[in-house]
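Trainee: I'd like a close look at one part, the lining of the largest cavity, and then at whatever you'd set beside it. Which element gives that lining its largest share?

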Amino acid sequence: MLTDNAALTEDLIRDADSLFIGLLRNAMIGVYIIQNNIFRYVNPRFAEMFGYTQAEICGIVGPADLIAPGEVEKVMDAIGQRLDGSSETAHYTFAGLRKDGGRIDLEVFGNRTEFEGRPAIIGMLVDVTARCAAERTANERLNFIGQLIEAIPSPVFFKDEQARYLGCNKAFEAFLMRPRDAIIGRSVFDISPPELAARYHEADKALFDHPGVQTYEASVEATDGMRRDVIFNKATWLHADGSLGGLVGVITDITERKQTEALVWVQANYDPLTGLPNRRLLHDRLGEVLKKAHRDHESVAVLYIDLDRFKEVNDTLGHEAGDRLLSDAARRIVSCVRESDTVARQGGDEFTVLLPGLSDRTPIERIAENIIQALDRPFDLGEDLAYVSASIGITVFPDDATSPIDILKNADQAMYHAKDAGRNRFSYFSPSMQESALQRLQLGRDLRCALPEGQLELHFQPILHLASGEVRKAEALLRWNHPTRGQIAPDEFIPVAEELGLINAIGTWVFESAIDVILRWRSLRPMPEGAPCPFQITVNASPRQFLRGQSLDVLLQRLEQARLPGSCIAIEITEGLLLDEEPVVMAQLARLSAAGIQVSIDDFGTGYSAMAYLKRLDIDTLKIDRSFVRDLTTDPGDLAITEAIIAMAHKLDIKVVAEGVETVAQQDCLSAAGCDYSQGFLFSRPLPVAAFFDLIAQRP
């Protein structure tokens, strides 16, 4: 009994003729018979593949005629092996040559047979040109992708759905410091430390559970033991049937970027000189401290510290010495506070201390006193010793204010109050300081309008020559006629003008106005060309004018334009301007002296009078302070001091003016002591310019 397969074979043999005819007529497959290196037969499809007709091939064309150059040896060798019996079948691809010279990719299925009693080959050809083109394109793309991945400087890796490595690039090999064959087929547990392997596995599992894209930062330990900051960018990939295939990942090393970011953050938040938090970080910390204090119902103290006389160190010893002092001062302040406190540098010579977690004020004052004592010690700057002190303003949250801006503003105001009170001390903020600051702010706004709107004017107080009774001098005194507040005293608005940088403009106006008065005075009492000026206006000058000198330049120019001798103007300064002997001040005094402008020392005897500068500098006049003149007739001590000043000045060829003279008895004592001039209410109060000239007109 035949098996099913044997029966099927018998059936095929019985119907072989009809089946073979069907194969020859197949429109997709080319059928051929080769014998004696000639195609004995080709079906229509075969001829069509090569661009021929059956008649043009059968019995005429041999296999070598239809093979593209470079492929002939391979194909003819395969044909020869079957014809000589060394091989029964063959299956290969080759490039065929069409009649028009074009190439065609073909797949061969050949079998050795006999035809008419002689060896022959019967075979089939399939046109695989499109398939080969697609394969070449795919191979090129795969080759491009492979080269691209290898060229990527960041580590790239591929995993299957079991999280086993399928491949990677050279950068990944370098990252793990392992060759590729030690990676492929393994999992993270095979090549990474246990802790990192567990983290990587959990991340992979999360991505497989929710296919898509995954990005996260991690600090990893490479096989060289170095910690690196990296970003993982991973995505799943799918099989052709849509099932999960695995994942591909890219690692970006951001270690240098993190280090740069950290450096930039430090540079943005810390002072490079002292290493302390700067103003920016201080504001951040203050905000956090205040939030915590509000939650915990605690107090926070803020200390605003300014170094007294630091500018003198910078100006005399140089900025390098000043920087060394600031660094040392920062260390001293830090040593006085608790670990939980913050010390910051506001800028310049100003520091701020945050004291959080307070239940009473005892620690505040103890810390403030410790800082004052620490900064009062001498600073060793190499070849020099420097001395400064500290003025500290203190404000407390929530008693004084609740916002960071108001807290710092209040502490700043308290610090200035400590300076005004004598320096080297601390002062708590009070509401009156806020009111005073607001008034000062408004005063500054109004002062900016005072000069252009003509609110400023000069009054002149005559200065009497005691020996002759003549008015030879007058002091120009600045007055501000405020539109709503009325008269504002100079000692109230001049400091504001100095702070706002308005003093030079005001000083220039004062000089020009004084010169106008001198010109008018000269018109009343003409003087010969080149003769010494018989009258003089004394003008008070701010130290700021000497340090910058712009208004002094205008004075010298105006005197030259008006052809007035310098002696018709005297500049009145305080002793404090001379004590530091700054080169700029000394140079300005020399300029004034060269132009014939006299220099007068105001309030002599009340400050740190130094007789040495009277000898070194070209001083023309001393003004005895009114505090000595007031009790001249009743206090022998004041009389003795006044007589001594007059005698000393005359020995140095310096004239003397006594101010604040209000009684005849005072003036008689001054005359008896040899005083040159008197100034005070006894003779005249300061007068507007018109009244001043009316007074002069009445005098001989």
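Mentor: That would be H5, which puts three residues into the lining of the largest cavity, its largest share. Keep in mind that this is a predicted model, where local features need pLDDT of at least 70, side-chain atom pairs count only at pLDDT 80 or more, and totals for chains, interfaces and linings use all residues. Numbering runs from 1 along each chain as its sequence is written, and side-chain values use heavy atoms, leaving out hydrogens and water.

Back to the cavity (a set of points on a 1 Å grid over the protein atoms alone where a 1.4 Å probe fits but cannot get out, with lining residues having an atom within 4 Å of a point). It holds about 120 Å³ of space (the volume filled by probe spheres set on the points, which are joined across faces, edges and corners). Helix H5 (72–83) has company: strand S1 (30–35), helix H3 (44–50) and strand S3 (89–97) also supply at least two residues each (DSSP runs numbered from the N terminus, helices being H or I of at least four residues and strands E of at least two). Of the 15 lining residues, Ile34, Phe39, Pro63, Val75 and Phe94 sit nearest the centre. The wall comes out as 14 nonpolar, no polar and one charged (Ala, Val, Leu, Ile, Met, Phe, Trp, Tyr, Cys and Pro are nonpolar, Asp, Glu, Lys and Arg charged, and the others, Gly among them, polar).

Searching the whole structure turns up two cavities of 30 Å³ or more, so to speak of the other one: the second largest has a volume of about 70 Å³. Strands S21 (536–540), S22 (569–573), S23 (598–604) and S24 (621–624) each give at least two residues to its lining, with S23 giving the largest share, three. Among the residues lining this second cavity are Lys473, Gln536, Glu572, Gln598, Thr621 and Lys623. By class, that makes four nonpolar, five polar and three charged.

Some of those names come back in the second largest pocket, where Lys473, Gln536, Gln598, Lys655 and Tyr677 lie nearest the centre of an 18-residue lining (a pocket is an open set of points with protein on both sides within 12 Å along at least five of seven lines). About 300 Å³ of space lies there, and the lining splits into eight nonpolar, four polar and six charged residues.

Now for some helix packing. H18 (residues 503–524) and H27 (residues 689–698) have axes that come within 12 Å and cross at roughly 25° (axes are lines fitted to C-alpha atoms over the stretch in contact, with angles from 0 to 180 degrees between N-to-C directions). H18 and H27 are therefore roughly parallel (angles under 35 degrees). Val517, Arg520, Trp521 and Leu524 of H18 meet Val689, Phe692, Phe693 and Ile696 of H27 (contact meaning heavy atoms within 4.5 Å). That contact has seven nonpolar, no polar and one charged residues.

H11 (residues 279–296) and H15 (residues 404–420) pack at about 110°, with axes 10 Å apart, and are therefore roughly perpendicular (65 to 115 degrees). Here Leu282, His283, Leu286, Gly287 and Leu290 of H11 touch Pro404, Ile407 and Leu408 of H15, a set of six nonpolar, two polar and no charged residues.

Technical notes: Angles under 35 degrees count as roughly parallel, over 145 as roughly antiparallel, 65 to 115 as roughly perpendicular and the rest as oblique.
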